[in-house]
Amino acid sequence: MRMPEGKLIITAAVCGSAPTKADNPAVPYTPEEIAQESLRAWRAGAAVVHIHVRNPVTGAPAFEQSLFAEVVGRLRSESDLTINLTTSGLHLQGPDAESLRLMPLELEPDMCSLDVGSLNFRGGRVFINPETWVERAALEMRRAGIKPEIEVFDLGHMRQALATAERRVFAPPLYFQLCLGIPWGVEGTIEALMDMRRRLPSDCRWSALGRGADQLPINTATILLGGHVRVGFEDNIYLSRGVPARSNADFVERIVALARILGREVASCSDAREILGLPPPRLAGGTPSGTGGVGG
Ligand code: ZN
C-alpha cells in the first residue's frame with residue numbers, strides 16, 4: 001500500500017460533555033482549564049481544537065455564551081489554533097433549543113460542528129438532528145463564513161449529508177468527521193471506516209474518530225487512508241488499558257509519533273487552514289499569524 005500524500009491535521013476534542021474528573025482528573029471544566037488543555041494539545045501538534053463548555057464547578061454540560069467566549073478569547077490571544085465550537089447542545093431542551101444551538105456562531109469561530117442525522121444513545125436518550133435544523137444550521141454557518149464540520153455517526157447520516165450537500169448549502173471543500181464506535185451509531189471497526197470512506201465525495205476533506213479503545217486503531221487506519229484524525233477526552237480518557245491520559249497532549253503526541261513512523265507529515269495550523277480552505281485566524285490582536293502549531 002502506498003502512503004497517501006498530504007499533511008495530517010490533528011484535531012483535539014479536549015473535553016466533550018460526558019467525561020468527568022471522577023473518570024479522569026485531567027478532564028477540564030473551567031474555561032481556563034479548557035483553554036490550557038487546548039494549548040497543551042496545540043504545543044504537542046494539534047492544529048484544530050473542538051470545544052464544548054462545562055459548568056465550571058460541577059462539570060455538567062453547559063452552553064453559556066460567556067463560557068465559550070472566555071475559551072475563544074484565551075485561545076485567540078495565545079495561539080493560531082483553528083477553533084471549532086460545538087453546536088450539539090445535547091442537554092438543551094424546549095422550543096428554543098434549535099436556535100440556542102446556533103449561538104456559538106456569534107463568537108465567530110473558524111468552524112462549528114454540524115451533526116447530521118439523529119442517533120439513539122445508550123439509556124434511552126435520542127440525539128435529535130432533523131433535516132430542517134441541519135439545513136438551517138448549514139445556511140447560517142455559510143452566511144457567517146464559518147466552516148461546518150459535518151459529523152456523521154452512521155451510514156444513513158452520510159446519505160442525509162450528501163443530500164444536504166446537493167442543495168449547495170455547504171461551501172466547498174466539504175469537511176466530514178466520521179464518528180465511529182458511538183452507541184448506537186456505526187461500530188468502530190476498520191470495515192465500517194472503509195465503508196463510510198467509500199461513500200465520501202471525491203473532493204472532500206475528512207477526518208475520523210474512534211471512541212474508547214477504538215480510538216487508536218481508527219486513528220491509525222485513517223492516517224494510512226489519507227484522512228485526518230481526531231483525538232481527545234471527548235472520545236477517550238485512557239492512553240492504554242487502565243492507564244488514564246494525563247492530558248489531551250498525550251494523545252496528540254502519540255499521533256505525531258505514529259505519523260512520523262508511518263511517513264506522514266503533521267500539518268501546522270497554517271497548513272490546516274490551507275487544507276480546509278479557511279482564511280487566516282481571527283486573532284485577538286487583529287493580525288493574522290503564520291506560525292505553525294507543531295512545537296509552537
Ligand atoms: Zn463534540
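**A tour from the core to helix H1**

Begin by selecting Ile 10, Ile 51, Phe 176 and Leu 178, which touch the most other members of the 89-residue largest nonpolar core, a core being a set of buried Ala, Val, Leu, Ile, Met, Phe, Trp, Tyr and Cys residues joined through side-chain atoms within 4.5 Å, where buried means under 20% relative accessible area with a 1.4 Å probe and protein chains only. Helix H8 gives the most to this core, with seven residues; helices here are DSSP runs of H or I of at least four residues, and strands are E runs of at least two, numbered from the N terminus.

This is a predicted model, in which local features need pLDDT of at least 70 and side-chain atom pairs count only at pLDDT 80 or more, while totals for chains, interfaces and linings use all residues. Residues are numbered from 1 along each chain as its sequence is written, and side-chain values use heavy atoms, with hydrogens and water left out.

Next, select H1, residues 31-44, whose end C-alpha atoms lie 20 Å apart, in agreement with the 20 Å expected for 14 residues at 1.5 Å a residue, the expected span being 1.5 Å times one less than the number of residues. Its buried residues include Pro 31, Leu 39 and Trp 42, and just after H1 you will find Gly 45 with a positive phi of about 130 degrees.

Finally, add H8 (248-262), one of the elements against which the buried residues of H1 pack. Glu 37, Arg 40, Ala 41 and Ala 44 in H1 meet Asn 248, Ala 249, Val 252, Glu 253 and Val 256 in H8, contact meaning heavy atoms within 4.5 Å.

Key. Buried means under 20% relative accessible area, exposed over 50%, partly exposed in between (1.4 Å probe, protein chains only).
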